[in-house]
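Got the viewer open? Let's take a short walk through this one, one selection at a time.

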Amino acid sequence: MTPEEQNFMRKINAEDKIEPKDWMPDAYRKNVIRQMSQHAHSEVIGMQPEGNWITRAPSLRRKAVLLSKVQDEAGHGLYLYSATETLGITRAEMIEALQQGTAKYASIFNYPTLTWGDVGAIGWLVDGAAIVNQVSLQRTSYGPYARAMIRICKEESFHQRQGYEALLALAKGSPEQKQMAQDSLNRFYWPALMMFGPHDSESAHSAKSMEWKIKRETNDDLRQKFIDQTVPQIEFLGLAHPDPAIKWNEERGHYDHGDIDWEEFYSVINGNGHCNRQRIEHHVAAHEEGAWVRDAITAYNDKKNANKIKNVA
């Protein structure tokens with residue numbers, strides 16, 4: 001190891017944060033950029049399936065809550081893009097990678113929201129799965145990422161609670177409403193488990209990410225935490241568990257579960273999900289329509305800076 005590498009690993013092992021101006025291996029920088037930009041993309045793309053229901057929410061209260069939630073997700077994307085830029089990549093480069101398909105986002109957002117129950121399921125299951133992962137990321141080794149996670153986790157906790165409360169209202173409502181909740185649970189449960197990624201033995205990035213403490217817990221351990229916490233929540237709703245193989249294992253102290261359809265997972269992340277093309281096309285259209293705003297801000301800042309230079313001269 002070079003002296004720089006030794007100092008880097010000393011900080012990692014001592015639980016010190018790696019800051020933007022610190023020396024870091026190129027592979028570390030690329031790994032963090034990949035993970036953080038994917039996280040940012042997921043926050044922004046994730047606005048689409050819920051945003052479709054803002055005008056169709058069943059009450060003014062539900063509309064206000066959903067609008068606030070979608071605005072939060074936009075803010076999360078902003079935090080994460082800004083934090084990723086500290087690694088030397090521009091936001092334009094990240095967005096270009098997303099739109100060209102070389103950068104990924106959470107596969108769950110390529111599933112359609114067919115009913116109001118799906119909005120509740122996203123809040124409860126999808127944001128619930130995100131919290132399980134993101135709580136551990138508050139201890140990630142890259143400082144700006146860890147600090148961004150603190151605020152994001154607080155807001156995601158609200159998102160998860162409002163989603164569960166929406167599903168609870170349906171589950172305790174009419175038979176038709178309860179069936180809507182059950183249908184949403186059935187369709188989003190398995191994709192939520194896939195959010196944690198493939199088994200660690202099949203993950204291209206897990207081993208190095210764990211060594212560098214970018215990730216603090218493995219995909220399988222995080223998935224097991226989510227499964228364990230979800231079982232009593234489903235029971236409280238009075239709904240049937242989508243996994244007929246779910247069973248408490250006294251020896252392990254965890255629930256055993258059925259097999260995940262990994263063919264579906266890889267099909268979706270490779271662009272063959274229900275809404276992959278629609279999500280990116282919508283993002284491209286919105287990005288192009290907002291070009292005039294970005295141009296206006298740039299022109300204003302250029303003029304402001306020119307005036308400063310003129311006044312100094």
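**Two domains and a buried lysine**

Start by colouring by domain: the C-alpha centres of domain 1 and domain 2 lie 28 Å apart. The split is 3–273 for domain 1 and 274–312 for domain 2, with bounds from an automatic or database domain assignment. A word on what you're looking at: this is a predicted model, where local features need pLDDT of at least 70 and side-chain atom pairs count only at pLDDT 80 or more, while totals for chains, interfaces and linings use all residues. Residues are numbered from 1 along each chain as its sequence is written, and side-chain values use heavy atoms, leaving out hydrogens and water.

Now select the interface. Here 17 residues of domain 1 are in contact (heavy atoms within 4.5 Å) with 11 residues of domain 2. On the domain 1 side, pick out Gln48, Gln99 and Gly273: they supply 39% of the area that domain 1 buries against domain 2, more than any other three residues. Buried area here is the accessible area (1.4 Å probe) that two parts lose on being put together, summed over both.

Next, select Lys69, in helix 4 (residues 60–85); helices are DSSP runs of H or I, at least four residues, numbered from the N terminus. Is Lys69 buried or exposed? Buried, with a relative accessible area of 0%; the cut-off for buried is under 20%, using a 1.4 Å probe and protein chains only.

Finally, show what surrounds Lys69: leaving aside residues up to four places away in sequence, it touches Glu50, Gly123, Asp127, His159 and Gln162.

Key. Helix = DSSP H or I, 4+ residues; strand = E, 2+ residues; numbered from the N terminus. Buried < 20%, exposed > 50% of the residue type's maximum accessible area, 1.4 Å probe, protein only.
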